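Got your viewer ready? Here's a short walk through one protein chain, one selection at a time.

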Amino acid sequence: MAEPRFAVGDRVRTRPVDPPHHTRLPRYARGHVGEVVEVQGTWPLADESAQGVAAPRVEAVYTVRFPAEALWGTPSGHWVQVELWESYLEAVG
C-alpha cells in the first residue's frame with residue numbers, strides 16, 4: 001500500500017469530474033482549492049464499492065477544508081470540511 005501523497009497543510013484541488021456513477025466527491029466541492037487538515041488513513045474507494053467492484057482500490061482519505069465563500073460566494077468567514085479519497089485530489093503548485 002502506497003504512502004499518502006498529501007500531508008497536513010498541503011493545498012489541493014478537487015477534480016472537476018462528473019462520473020456516470022456514485023461518487024463521494026460532492027458536486028459543490030468539485031474544482032475547488034482546499035487545504036488538507038487531516039490524513040485519516042486508508043479505506044476502500046467508496047465509488048468502486050458502490051459499483052460492486054469485488055476488490056476496490058484502497059486509497060488514503062483526507063479531511064480537506066474549503067472556505068465557504070469559495071464554494072457558495074457569500075462572505076462568511078466559515079469553513080466547510082469534507083472527507084475525500086486521494087484520487088479525487090490533485091496538488092496545487
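The stops below run from the sheet to the core and then to a few single residues.

Before you start clicking, keep in mind that this is a predicted model.

**Stop 1: the sheet.** Switch to cartoon and pick out the five strands, which form an open sheet in the order E4-E3-E2-E1-E5, with antiparallel pairing. Now colour the two edges: strand E4 (79-85) and strand E5 (89-91). Each has a single partner strand, so one side of each is left without a neighbour in the sheet. Look along the sheet as well: neighbouring strands are turned by 40 degrees against each other on average, direction ignored.

**Stop 2: one strand pair.** Select residues 11-14, which is strand E1, along with residues 33-44, which is strand E2. These two pair in the antiparallel sense over three bridges. Zoom in on valine 12 and look across to E2: glycine 34 is what stands opposite.

**Stop 3: the core.** Show side chains for Tyr62, Val64, Phe66, Leu84, Tyr88 and Leu89. They are the residues with the most contacts inside the largest nonpolar core, which has 20 residues. Which elements give two or more residues to this core? Strand E3 (58-67), H2 and E4 do, and E3 gives the most, with five residues.

**Stop 4: tyrosine 88.** Stay on this core residue and show what surrounds it. Skipping neighbours within four places in sequence, tyrosine 88 is in contact with Arg13, Thr14, Arg15, Thr23, Arg24, Leu25, Leu45 and Asp47.

**Stop 5: aspartate 47.** Follow that last contact into helix H1 (residues 46-50), where aspartate 47 lies. Is this acid buried or exposed? Aspartate 47 is buried, yet has no salt bridge. Put a distance label on arginine 24, the nearest side chain of opposite charge: the gap is 6.9 Å, while a salt bridge would need a nitrogen-to-oxygen distance within 4 Å. Arginine 24 still shows up among the residues that aspartate 47 touches, together with His21, His22, Thr23 and Tyr88, when residues up to four places away in sequence are not counted.

**Stop 6: glutamate 69.** Finish with another acid, this time in helix H2 (residues 68-72). Glutamate 69 has 43% relative accessibility and therefore counts as partly exposed. Beyond its neighbours within four places in sequence, glutamate 69 is in contact with Thr74 and Pro75. For a last label, draw a C-alpha to C-alpha line from glutamate 69 to arginine 57: they are 12 residues apart in sequence and 33 Å apart in space.

Methods:
Residues are numbered from 1 along each chain as its sequence is written. This is a predicted model: local features need pLDDT of at least 70, side-chain atom pairs count only at pLDDT 80 or more; totals for chains, interfaces and linings use all residues. Side-chain values use heavy atoms; hydrogens and water are left out. Helices (H or I, at least four residues) and strands (E, at least two) are DSSP runs, numbered from the N terminus. Buried means under 20% relative accessible area, exposed over 50%, partly exposed in between (1.4 Å probe, protein chains only). Contact means heavy atoms within 4.5 Å. Two strands pair if DSSP finds at least two bridges between them. Axes are lines fitted to C-alpha atoms, for helices over the stretch in contact, and angles run from 0 to 180 degrees between N-to-C directions. Lys and Arg count as positive and Asp and Glu as negative; His and the chain ends are not counted. A nonpolar core is a set of buried Ala, Val, Leu, Ile, Met, Phe, Trp, Tyr and Cys residues joined through side-chain atoms within 4.5 Å.
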